[in-house]
Structures are given as C-alpha cells and as structure tokens.
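Got your viewer open? Let's take a short walk, one selection at a time.

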Amino acid sequence: AVERANLLNMAKLSIKGLIESALSFGRTLDSDYPPLQQFFVVMEHCLKHGLKVRKSFLSYNKTIWGPLELVEKLYPEAEEIAASVRDLPGLKTPLGRARAWLRLALMQKKMADYLRCLIIQRDLLSEFYEYHALMMEEEGAVIVGLLVGLNVIDANLCVKGEDLDSQVGVIDFSMYLKSDDDIGGKERNEQIAAILDQKNYVEELNRQLNSTVSSLHARVDSLEKSNTKLIEEVLYVEAELQTYKHSRQGLDEMYNDTRRQLREESQLRQDMENELVVQVSMKHEIELAMKLLEKDIHEKQDTLIGLRQQLDEVKAINMEMYQKLQVSEDAMKEKDEIIGRLEDKTNQINATMKQLEQ
C-alpha cells in the first residue's frame, strides 16, 4: 500500500510537472526533454509494480510488455501501434518494446484510453499482476485518469533510432523539488491550466463528434444497404405473389389430393394399429408359451440329469457284477481242473485196485 501511494504521488508530480513545463516550452516535446524522460521512467515503475515473475528457459522473466501487448485484443485501434512496435528494428528485449509502445501511445494521445480498457479487465490482468499490484487497485485507475491531461501535449518522438533496450529507469527526484520562482508563478500556471483544460475539452468534444459522425456515416451506409435489400425482397415477394396467383388452381387440386391421401393414410394407419394390437397380443401369447416351454424343458433336463445319474450308477453296478462274474468264472475253471485231476487219480486208483484184486 505504501509503494502504491508513493508511485501515485510520483505519477501526479510527473504528469503535473510535464504539463506545466510543456506549456512554457511550447507543448511540442522531443525525446531529449528531461521531464518527458522522467515521465516514462515513472510510468515504467508504475507498470512494473506487483508484476508476476515468469520463469523462462534460462532465467526469470519480469517484463511489462505482456500486459501492454494484451491491449490490442481489447482495443482494436491499438493493433496498429502493436504492429509498429514489433516491426521496429533494433529492439531485442520485451522491455524495449514496452518503452517504444508507451512513446507511440503518447504521440497518438491514446495512452489513457489504452490503459483504461486494460485496468477494467481484472481477470485478464491477474495473469500478469499480483492482487496487490498498482494496476489492480484504485491507484491505477487514478493514474489513468491523470493521463487524460497529457492529451494537450504534442510529442514528436523518434523511437526508431533510440536505444530503448539498455536504458536505466531511475527516477530523478530533484526535478520535483519546488523553488520560490515556481511558487510565485502558481497563478500563471493556474491560468495556463485553465486554458489547457478548455483546449482539452474542445479536443475531446471534437474527437467525440468525429466518432459520432463516423458512426452516423456507418449507420447511413447500413440503412442504405438494408433499404436496397428490402426493395429486392419486395420485388421477390411480388413475383412470388404473381406466381402464387397463377398456380392457385393447381395448389387447390394438390390440396384436395393431399387430403384424400391423408384420409387413405389415416385409414391405413388405423388398420396397421389394429394389426399391431393383434401382433402384440400374439407376441404376449408366444412369450407365455415360450416361458411354459422353457419351464418344461428345464423339468425334462432335470429328469434327464437324474436318469443319467441312475444310468451311471447302473453301469457302475454292471461293471462290478461283471468283474465278480469274471472272478467266479476263473474260480470255477480252477475247480474244474482240480476235479479233472481228482477224477484222473480216482480212475488210476480204481485201476490199481482192480489189479490188486486180480
């Protein structure tokens, strides 16, 4: 807040001193005029206050060219000055371009207008300035209002050959120290200021009148174009009306045919709706039958699964019985063989006993 107040006071002293000295100097100033140089230094400090630091590839960049370049998007008349600054040879830094922009704006007597349209866009300015910056607070609006007084000054500045990149912006406070002669000439300065105010008012009024005249010319051109367009539309409507009169009978016949087709299509639609009702009813019946069929299929599938399980059990039992039968057959074969051997032995014994009996 203290910095903003100090910068506001310096801006007031700089603008007031520049106007007063310009009156005695002839009001046509060049680049070497010290009060004018100090004014640009003060404006540079005001625009730098609260500026956000942007990190670039090699270093930290803090320049006022960013917000000043934004003016051309908000104020169409500023496109020319921005293009002129970009085309200036010898400017290598953004700060140099910003200094050239301030000088060209002063020569155009548009600096107050340019900065006024900038400070009202606080949402856009917040990308470049901190919330406490001078351009974001009331002091910025006061300085912009003071800049209107500079419209009485005619500046003839040679921006092209001036080295704006390497200038050192240091405020010379000695220029604003009052002397006795300055205090004694206060009345003369007030009179001159009143004359300048009148001149400024006349110039402002003239500029507004020129703007109004331009607007009226544009409006007249627009009205003439609209009138021509209306005449063409009237002629077109008359031709359409004549064509309509000639084709009225055909249109009536087409209307009758259309009504007949509409009745037929309505009847056809009614038939289609009735058929649709029947189809919907059939669909419901089919859906019900499908549900019953699905239920029956599920039941049969369950029965089939049970039968398969029983079949698997029967197969297992058959396999077991077959295995037991195979074992029994093997045992029977062994017993038959034993019986056969026993019969052979019996026969041999019988034969032996017969021999023994003989």
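Start by selecting Cys46. At 1% relative accessibility, Cys46 counts as buried, because the cut-off for that label is anything under 20%. Now jump to Cys117: its relative accessibility is 12%, so Cys117 is buried too. While you have cysteines on screen, don't go hunting for disulfides, as the structure holds zero of them. Keep in mind through all of this that you're looking at a predicted model.

Next stop: the loop between α6 (94–108) and α7, where you'll find Lys109. What is the phi of Lys109? It is positive, about 60°, although Lys109 is not a glycine. Most residues other than glycine have a negative phi. Colour by accessibility and Lys109 comes out as partly exposed, at 22%.

Now step out of the loop and select helix α7 (residues 111–119) together with helix α9 (residues 138–147). Two packed helices are described by the angle between their axes and the distance between those axes. Here the axes come within 8 Å and cross at roughly 160°. That angle is over 145°, so α7 runs roughly antiparallel to α9. The crossing of the pair is left-handed.

To see who touches whom, show side chains. From α7, pick Met111, Ala112, Leu115, Arg116 and Ile119. They meet Gly140, Ala141, Val144 and Leu147 of α9. Sorted by class, the contact of α7 with α9 has seven nonpolar residues, one polar and one charged.

Conventions:
Residues are numbered from 1 along each chain as its sequence is written. This is a predicted model: local features need pLDDT of at least 70, side-chain atom pairs count only at pLDDT 80 or more; totals for chains, interfaces and linings use all residues. Side-chain values use heavy atoms; hydrogens and water are left out. A disulfide is a pair of cysteine sulfur atoms within 2.5 Å. Buried means under 20% relative accessible area, exposed over 50%, partly exposed in between (1.4 Å probe, protein chains only). Axes are lines fitted to C-alpha atoms, for helices over the stretch in contact, and angles run from 0 to 180 degrees between N-to-C directions. Helices (H or I, at least four residues) and strands (E, at least two) are DSSP runs, numbered from the N terminus. Angles under 35 degrees count as roughly parallel, over 145 as roughly antiparallel, 65 to 115 as roughly perpendicular and the rest as oblique. A crossing is left-handed if the near helix is turned anticlockwise from the far one by less than a right angle, and right-handed if clockwise. Contact means heavy atoms within 4.5 Å. Ala, Val, Leu, Ile, Met, Phe, Trp, Tyr, Cys and Pro count as nonpolar, Asp, Glu, Lys and Arg as charged, and the others, Gly among them, as polar.
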